[in-house]
Amino acid sequence: MRLIKAPSPKLKELQSRLSGILYQCLKEIEDKKAYRPISFGFREDRSIAENAARHKRHRWVLNIDLENFFPSFNFGRVRGFFLKDKAFELHPEVATTIAQIACDGEALPQGSPCSPVISELIAQILDMKLVRLAKRMKVTYTRYADDITFSTSQKVFPKGIASQDDADSAIWHLSEGLLEIISRSGFSVNSAKTRMHFTGSRQIVTGLVVNEKVNIPSDYYRKARAMCDSLLQTGKYFKAVVAPVKEGDDSTPVLLTGTNTLEGILSHIYAVTQKEDKRDIQEQRKTPRAIRKLYRRFLFYKYFIDLKSPLIVTEGKTDPIYLKEAVRHREKFHPVLGEYDAEGFKHAVQYFNYAGQVHEILDISGGGAGNLKSILLDYRRNFRPSSKDPKRINYCPLQFPVILVVDNDDGFSQIAGPTKDIFGVAISRSDTCDFYHIIENLYIVKTPEDGANKTCIEDLFPEEWLSKELNGKKFNKNNEIDSNTEYSKEIFANSIVKKHAKEIDFSKFDDLLERVQKVIEDYAIKATTAGAKTP
């Protein structure tokens with residue numbers, strides 16, 4: 001158990017700004033030194049996988065844990081660093097102010113946005129000393145926050161770093177020289193966590209196996225798979241056990257229903273294994289590994305089954321920007337699609353986010369209607385399983401609809417064909433249906449018809465905005481543009497639609513938004529008629 005001292009909102013903002021500045025300083029300091037990274041903790045561009053990779057396929061791997069890491073950076077030590085370090089040498093008043101912002105009165109607290117970067121700045125002193133020691137002993141050294149690792153393939157591990165106990169070969173003692181360096185740098189070792197791993201046993205660095213390649217321990221993956229299976233079958237999963245309060249009482253299992261904890265675990269496993277997967281993305285999709293399949297099923301559950309509000313999935317990455325601004329400025333759709341409150345405008349529906357890695361795992365690229373076929377396939381796998389893929393999700397709250405919003409143009413056939421083939425639901429460019437119910441909570445809505453003309457969502461903007469020039473360039477709503485004379489949908493969405501939303505007439509969006517609203521109303525009726533969806 002660790003005590004988290006979360007700062008108040010105002011202090012958190014101040015600490016976050018200080019953190020941002022100090023990270024810039026840290027980058028500048030490290031760029032000047034121009035050496036291979038040796039510290040991998042608390043960095044956006046580094047990871048435990050990279051830290052562990054430095055030690056793979058070595059005969060000996062020694063792990064050392066620094067005790068009470070953040071508390072060891074007391075107020076005086078933080079202030080003194082900014083006063084005396086050659087890279088800073090700040091005025092006493094400035095150094096004192098930084099220490100007052102960063103410390104809780106005694107030391108760097110766990111939970112402060114600036115504790116990580118300050119600990120990294122000060123710990124560089126330790127790193128430099130240990131790198132010199134490692135070089136003399138011909139071993140590899142890295143540090144991840146308070147985890148220190150030395151490794152080598154020498155026949156005998158250097159006694160200048162650690163040696164075996166004469167009475168018990170399983171016990172290793174750190175050398176006096178190493179302990180002195182750590183002590184004089186302001187740290188102490190947690191001897192209970194000192195571990196030596198050698199060839200033939202499972203070698204672990206920051207929780208990852210490094211014998212042949214960097215990988216997740218098999219028992220960790222099995223536990224994650226069991227947690228995921230439990231969630232998909234029962235809506236809850238086992239996380240831990242709380243010890244009994246009184247002697248003789250039973251332990252209490254901790255069961256979670258929220259997805260954040262499990263998503264963090266699966267994301268971690270995927271990120272680590274992805275580093276070792278040298279195949280291109282198309283090959284990974286064609287023959288996915290077990291973790292990708294597991295992660296995909298989980299993400300499908302989170303984003304399409306366990307919804308907290310209706311979900312709109314657009315075929316284009318910029319379409320959500322158009323729809324959000326249209327909803328915001330068309331009051332006739334409030335409060336069903338969104339409304340203003342004391343804090344500003346709140347959307348009552350959610351929009352699928354193409355940022356991050358979720359869309360990549362789900363094979364939804366945001367590049368046209370054809371890319372939404374992946375969603376249809378996931379619904380088939382989980383609601384109409386075959387003998388080849390018999391697994392299905394049994395716990396299905398399905399409290400809100402998923403609405404695929406597509407353009408009524410040439411690309412429409414790319415979603416119409418799979419819908420007919422997979423679910424037997426015929427959808428057409430020419431008919432005037434408000435929406436199509438495909439299966440369970442899945443619906444399709446197309447942009448309104450215009451006779452025999454093809455339509456897309458950009459057609460709903462007034463011509464005066466579609467013809468707006470930016471820096472002498474004209475808007476091209478196609479995916480392929482001439483960057484010398486034309487600008488893209490992304491620029492149109494951000495520089496025209498978002499910037500001038502108050503001036504734009506969004507009334508031509510009404511027919512499309514009415515269709516979305518009718519889907520929400522239709523699904524509410526279906527859910528009521530069928531009874532409560534949540535088991």
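**Strand pairing, buried helices and backbone details**

Strand 12 and strand 13 (residues 344–347) run antiparallel and are joined by 4 bridges. The description here rests on a predicted model. A hairpin links the two strands through 2 residues, and within this pairing Asp 341 has Gly 344 of strand 13 as its bridge partner. Strand 12 itself spans 338–341, and the loop between helix 11 (319–329) and this strand holds Pro 335. A cis peptide bond joins Pro 335 to His 334, with omega at about 5 degrees.

Strand 15 offers a good place to look at parallel pairing. It is joined to strand 11 (residues 311–314) by 4 bridges, and the two run parallel; Val 313 finds its bridge partner there in Leu 404. Strand 15 also pairs with strand 17 (residues 442–446), again in the parallel sense, over 5 bridges. In that pairing, Val 405 is matched with Val 445 of strand 17.

How enclosed is strand 15 by the rest of the structure? The strand is largely enclosed, because 5 of its 5 residues are buried. In a regular strand, side chains alternate between the two faces of the sheet. Here both faces are covered: Val 402, Leu 404 and Val 406 are buried on one side, while Ile 403 and Val 405 are buried on the other.

Leading into strand 15 (402–406) is a loop from helix 13, and Leu 398 lies in this loop. Leu 398 has a positive phi, near 45 degrees, although it is a residue other than glycine. Its relative accessible area is 2%, so Leu 398 is buried. A comparable backbone feature appears at Asp 363, a residue other than glycine whose phi is positive and near 60 degrees. Asp 363 sits in the loop between helix 12 (358–361) and helix 13 (373–383). Is this residue buried or exposed? With a relative accessibility of 18%, Asp 363 counts as buried, because the cut-off for that class is under 20%.

Turning to the helices, helix 14 (residues 413–423) has Ile 415, Ala 416, Pro 418, Thr 419, Ile 422 and Phe 423 as its buried residues. Among the elements that cover these residues are helix 13, strand 16 (436–439) and strand 17. Strand 17 thus appears in two settings, as a parallel partner of strand 15 and as part of the cover over helix 14. Just after helix 14, Gly 424 adopts a positive phi of about 70 degrees.

Helix 3 (residues 75–84) also has a buried set, with Arg 77, Val 78, Gly 80, Phe 81 and Phe 82 in it. The cover over the buried residues of helix 3 includes helix 1 (9–33), helix 4 (92–102) and helix 5 (115–137). At the start of helix 3, the side chain of Asn 74 places an oxygen within 3.2 Å of the backbone nitrogen of Gly 76.

The surface deserves a look as well. Phe 238, Val 241 and Leu 255 make a nonpolar surface patch of about 270 Å². Of these residues, Val 241 belongs to strand 9 (residues 237–242). Val 241 has a relative accessible area of 48% and is therefore partly exposed.

Terms used:
Residues numbered from 1 in each chain as written. Predicted model: local features only at pLDDT ≥ 70, side-chain atom pairs only at ≥ 80, totals over all residues. Heavy atoms only, no water. Buried < 20%, exposed > 50% of the residue type's maximum accessible area, 1.4 Å probe, protein only. Patch = residues over 30% accessible without salt bridge, like charges linked within 9 Å, V, L, I, M, F, W, Y side chains within 5 Å. Areas by Shrake-Rupley, 256 points an atom, 1.4 Å probe, with all protein chains shown as cover. Salt bridge = Lys/Arg side-chain N within 4 Å of Asp/Glu carboxyl O. Contact = heavy atoms within 4.5 Å. Polar contact = N/O pair within 3.5 Å; in protein donor to acceptor, adjacent residues only side chain to side chain. Pairing = 2+ DSSP bridges.
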